[in-house]
Each structure stands twice: as structure tokens, then as C-alpha cells.
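Reader: Please take a close look at a single part of this model and explain how it sits among its surroundings. I would like the cut-offs stated along with the description.

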Amino acid sequence: MPHRDRAVSPIISTILLVAVVAVLSATMSVFVLDLGSNIQSDAPYVEVSGEFVEAVDDGEQAIAITLLAGDTAQTEQLYVSGSKRLDIGGRPNGSSTPANDAYASRREKFTEASGDNPPQVGIGETWDAGETIYVDPEGAADGVTVSIYWTSMSVEGVNPGTPAGDTTYKLTTVEMGTSS
């Protein structure tokens, strides 16, 4: 009889060990998968193109950045930053206020406006596919890198503004070669 009682003990301990491992595995997988979901960004996805546009300041060119595809983005949550100081605005010689490197800074919010005027970029409350913003870097636009950022809340204050919210993401970067 003692022989049979001993055989039951290893079987029960093995079953308990397997049960504990299964419970721990399930708990850890839920924890790890939950961590991954928190890493996901609420930032919009954007695909853009950049090109030189007509002369704006003393024969220098501005950079046109067009949203080709992706999510619609609230302009109040967007700003640009460049490898040179730059100014954001509407189409050179257009109906909105054009960018002018005399007002350049390291960061420019999409909703930049002076006084009671509407935002200079002239695209409205959202940046939609097919719409273009213009930036005028201080000096020549050749070799300039422009990055577009999204922040979880509106960019606060007057231009250049201060990103607000607890998260900021670089959506895209446009690197300009030399103009032809």
C-alpha cells in the first residue's frame, strides 16, 4: 500500500505544476499584449511630397509640402520644424498670406496667424489629402530638412507656439536636395 500512495503524489504535483505554468503563461501574455496596445499612437499617418516652388524672397525659393495620402489631421495639432529657421504660410503670390523668411523661427505652428486674420496656410481646420502648405526657410531652400509634428493637444500660444499634451510624434520629414 505505501507503494501506491507514493505514485499518486508525483502525478498530482506534475498536474499542479502544469496548471501553475498555464496560468502564469496566460497572465503574462495578457500583460505583454496590453503593453503593446499602449504603445500604439493616436497620431495620424501622413504621406507627403516636397518640392521647390517659385521665387519668393530675392529670387530664393520656398518649399511646397503636399499631403498625398493618409489621415486627415487637425491643423491646430500640427507644427513644422526645420534644419534652418523657417516661416509657414500659404502659396507664394496666392490669396492667403505667403510664407516669408523675415518671420522665420525654428518651430512654426500650422495655425500661425497675425492679428484677427485667418491662419496663413489657408487650408482650414484640417489638413486633407491634396492640400499643400508652404515653408520659406531663412536663406536658400537647398539642402533644407523640414519635419512635421503632431501633438496630442492644440499647439498653444502665439507663433512659434508650444506643443501641448502628453505626446508628440514626428509624422514625416522632407529632405530637399538642390533646386534645378
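Author: In this predicted model, 6 of the 6 residues of strand β7 are buried, so β7 is largely enclosed by the rest of the structure; buried here means under 20% relative accessible area, with exposed over 50% and partly exposed in between, using a 1.4 Å probe and protein chains only, while strands are DSSP runs of E of at least two residues, numbered from the N terminus. Residues are numbered from 1 along each chain as its sequence is written, local features need pLDDT of at least 70 and side-chain atom pairs count only at pLDDT 80 or more, whereas totals for chains, interfaces and linings use all residues. Side-chain values use heavy atoms, with hydrogens and water left out.

In a regular strand the side chains alternate between the two faces of the sheet. Both faces of β7 are covered, since Thr132, Tyr134 and Asp136 on one side are buried, as are Ile133, Val135 and Pro137 on the other.

The pairing partners of β7 include β2, which runs antiparallel to it over 4 bridges, where two strands are said to pair if DSSP finds at least two bridges between them. Within β2 (60–70), Ile63 stands opposite Val135 of β7. Strand β4 also pairs with β7 in the antiparallel sense, over 4 bridges, and Asp87 has Asp136 of β7 as its bridge partner.

The strand also contributes to the largest nonpolar core, a term for a set of buried Ala, Val, Leu, Ile, Met, Phe, Trp, Tyr and Cys residues joined through side-chain atoms within 4.5 Å. This core has 26 residues, and Ile133 is among the members that touch the most others, together with Ile65, Val80, Phe110 and Trp127. At least two core residues come from each of β1, β2, β4, β7, β8 and β9, and the largest share, 4 residues, comes from β4. Ile65 is in contact, meaning heavy atoms within 4.5 Å, with Thr132, Ile133 and Val135, and its partners beyond four places in sequence also include Trp127, Val146, Ile148 and Val174.

Strand β4 has a further link to another part of the chain. Tyr79 and Tyr149 form a stacked aromatic pair, 5.1 Å centre to centre with 10° between the planes; rings of Phe, Tyr and Trp (its six-membered ring) pair if their centres lie within 6.5 Å, and planes under 30 degrees apart count as stacked, over 60 as edge-to-face and the rest as tilted. Tyr79 lies in β4 and Tyr149 in β8, so the pair ties together parts that are 70 residues apart in sequence.
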